[in-house]
Amino acid sequence: QVQMVESGGGWVQAGGSLSLSCAASGSIFSIDNMAWYRQAPGKQRELVARITSGGSTAYVDSVKGRFTISRDNAKNTVYLQMNSLKPEDTAVYYCNAGVVATSRSCLGLWGQGSLVTVSS
């Protein structure tokens with residue numbers, strides 16, 4: 001069984017920083033793209049940042065220059081460093097990854113979600 005477990009998040013005042021991490025575990029052969037999504041109350045889930053297996057990154061315009069996605073392939077872990085947080089960043093953040101299991105099954109996996117609350 002392959003799963004992804006998130007840690008981090010919490011509460012912070014506007015202008016502050018928080019970090020998230022998400023580790024994949026289980027019978028993993030390889031991991032392709034990894035990403036962070038978020039879903040604010042009453043809104044659809046949106047892609048925040050994505051990183052390829054080679055380290056290329058992409059961000060939604062609203063977080064460019066403030067958020068940084070990174071990954072440690074040896075640890076099967078993806079990170080999201082969030083700086084200069086704004087109240088509109090308040091959401092549940094979900095990690096996502098394209099995982100190839102040792103069985104060669106291709107899996108699209110999600111973390112359990114981490115609440116990030118930014119107060120004004």
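In the predicted model, C22 has V78 as its bridge partner in β8. This pair belongs to the ladder between β3 and β8, two strands that run antiparallel and are joined by six bridges. The ladder is in turn part of an open sheet of four strands, arranged in the order β1-β3-β8-β7 with antiparallel pairing. At the edges of this sheet stand β1 (3–8) and β7, each of which pairs on one side only. Averaged over neighbouring strands, and with direction ignored, the turn of one strand against the next amounts to 15 degrees. Strands of a sheet pair through backbone hydrogen bonds, in either a parallel or an antiparallel sense.

A further set of pairings involves β4. Strand β4 (residues 28–39) runs antiparallel to β9, to which nine bridges join it. Within this ladder, Q39 has V92 of β9 as its bridge partner. Strand β4 also pairs with strand β5 (residues 46–51), again in the antiparallel sense, over five bridges. Here Y37 is placed opposite L47 of β5. The two strands β4 and β5 form a hairpin with six residues between them, and G42 in the turn adopts a positive phi of about 75 degrees.

The residue C22 also takes part in a covalent cross-link. The structure holds one disulfide, which joins C22 to C95 with an S to S distance of 1.9 Å. This link connects distant parts of the chain: C22 is located in strand β3 (residues 18–25) and C95 in strand β9 (residues 91–101), with the two positions 73 residues apart in sequence separation. The angle about the S-S bond is 40 degrees, and the link of C22 and C95 is right-handed. Both half-cystines are withdrawn from the surface: C22 counts as buried because its relative accessibility is 0%, and C95 counts as buried because its relative accessibility is likewise 0%. The cysteine C106, by contrast, is in no disulfide, and the nearest cysteine sulfur, that of C95, is 18 Å away. With a relative accessible area of 67%, C106 is exposed.

Strand β9 also contains N96. The relative accessible area of N96 is 16%, and this residue is therefore buried. Its side chain reaches the backbone oxygen of L109 at 3.2 Å. Beyond the neighbours within four places in sequence, the contacts of N96 comprise M4, N33, M34, A35, Y37, L109 and W110. Y37, which stands opposite L47 in β5, is thus among the residues in contact with N96.

A second buried polar residue, D89, is situated in the loop between β8 (77–82) and β9. D89 counts as buried because its relative accessibility is 0%. The side chain of D89 makes a polar contact with that of R38 at 2.9 Å. When neighbours within four places in sequence are set aside, D89 is in contact with R38, V63, R66, F67, S84, V116 and V118.

One of these partners, F67, lies in strand β7 (residues 67–72). At 2% relative accessibility, F67 counts as buried. The surroundings of F67, not counting residues up to four places away in sequence, consist of R38, V48, Y59, L80, Q81, M82, N83, L85, D89 and Y93. R38 therefore appears both in the contact list of F67 and in that of D89. The C-alpha atoms of F67 and A24 are separated by 21 Å, the two residues being 43 positions apart along the chain.

Positive phi values also occur in residues other than glycine. S84, a further contact of D89, has a phi near 50 degrees. Like D89, S84 is placed in the loop between β8 and β9. S84 counts as partly exposed, at 41% relative accessibility. R104 provides another case, with a phi near 75 degrees. This residue lies in the loop between β9 and β10 (106–110). R104 is partly exposed, its relative accessible area being 49%.

How values were computed
Residues numbered from 1 in each chain as written. Predicted model: local features only at pLDDT ≥ 70, side-chain atom pairs only at ≥ 80, totals over all residues. Heavy atoms only, no water. Disulfide = S-S within 2.5 Å. Buried < 20%, exposed > 50% of the residue type's maximum accessible area, 1.4 Å probe, protein only. Polar contact = N/O pair within 3.5 Å; in protein donor to acceptor, adjacent residues only side chain to side chain. Contact = heavy atoms within 4.5 Å. Pairing = 2+ DSSP bridges. Axes fitted to C-alpha atoms, helices over the stretch in contact; angles between N-to-C directions.
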